[in-house]
Amino acid sequence: MIIRPRPHGWQLLYILRGSIVPAVAPKVLAILLLAIAVSAVVELGNVPGIERVSSAPFALLGLVLSIFLSFRNNACHERWWEGRKLWGQLIFESRSLARQVQQLLPDDAPRRTRIGHLAIAFAHGLAARLRGADEAQAARPWLDADQRVLLHDRRNTLDALLSMIAAELAVPLHAGRLSPILYAQLEERLHALSSIQAGCERILATPLPFAYTLLLHRCAWLFCVLLPFGLASSLGWATPVLSAVLAYAFFGLDQLGEEMEDPFGTEPNDLPLDAMVRTIEIDQLDALGQRPLPDPLLPRDYRLQ
């Protein structure tokens, strides 16, 4: 995720170089060269009838294309924002779980530690699943030997981690050290964590219709390729400049929507899952009183992973 600490001058150019520009630069360059060739033919070749080519159809096509691009980008941003809200809720629920366990089980430090580590393992496992990595491997460093054995036989690693937390809480419940009402409050936290997992999986498994994305790709290319032919008769040698600017705008919006469609990836505009997992890790360990705490992840080259 790109961090914007009021960049100035070369810093802003550096951010742009690492974001949209590398993906659209070859396309814009192709349109620029095409526009130069068309302008040269029109200005130097005296093509008959070229003055009758109107730019009005291109203005209409550009308006329609911009509307469709705006609709797609809004849909992609909604997916990105929903993913961010789900991870914000995950941080909130993890902190609440740590606080409640600390207050309700004050005399059972080993159990509090196991629950805190399981919550950290859940965050690491969820981030790994959303990025196509091995979730069991990501969670394993925070589990003891018995928990690793239990995890080995489970297909849904994240659900298994929540079941382990529930099992840890069931022991003081059956021993009478935790009332059913208080246990139900803790179970609500686990239910919320499971709901967050399902919400993230829904976003990951339900992309925008491919036919809609393909249609926009093709229409953007068609518009940018035909644009120089409509502008050359009226703009002359200025055609390449305007064609390149419009191509950058349309291809850039298309690329931005493509990046935000999957908010859990590792592209510049995706969510910083690693940083949010580290936040959960710090909060849980701090609630357990463990020191030293890991440092928060900081942006590198204005990007937070």
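Gly176 comes after helix H7 and has a positive phi, near 85°. Helices here are DSSP runs of H or I with at least four residues, numbered from the N terminus. This is a predicted model, where local features need pLDDT of at least 70 and side-chain atom pairs count only at pLDDT 80 or more, while totals for chains, interfaces and linings use all residues. Residues are numbered from 1 along each chain as its sequence is written, and side-chain values use heavy atoms, with hydrogens and water left out.

**Helix H7**
- H7 (residues 157-174) has 18 residues and should span 26 Å, at 1.5 Å times one less than its number of residues; its end C-alpha atoms are 26 Å apart, so that agrees.
- Its buried residues (under 20% relative accessible area, 1.4 Å probe, protein chains only) include Leu158, Leu161, Ile165 and Glu168.
- Cover for the buried residues of H7 includes helices H4 (109-130), H5 (135-139), H6 (145-152) and H8 (180-205).

**Cores**
- The largest nonpolar core (buried Ala, Val, Leu, Ile, Met, Phe, Trp, Tyr and Cys joined through side-chain atoms within 4.5 Å) has 49 residues, and Trp87 and Leu161 have the most contacts inside it.
- H3, H4, H5, H7, H8 and H11 (273-287) each put in at least two residues, with H4 giving the most, ten.
- Leaving aside neighbours within four places in sequence, Leu161 is in contact (heavy atoms within 4.5 Å) with Leu118, Ala121, Phe122, Ala139, Leu143 and Leu151.
- A second, separate core of 17 residues includes Phe58, Leu65, Ala220 and Phe223.

**Out on the surface**
- Leu60 sits in helix H3 (residues 56-104) and counts as exposed (over 50%) because its relative accessibility is 56%.
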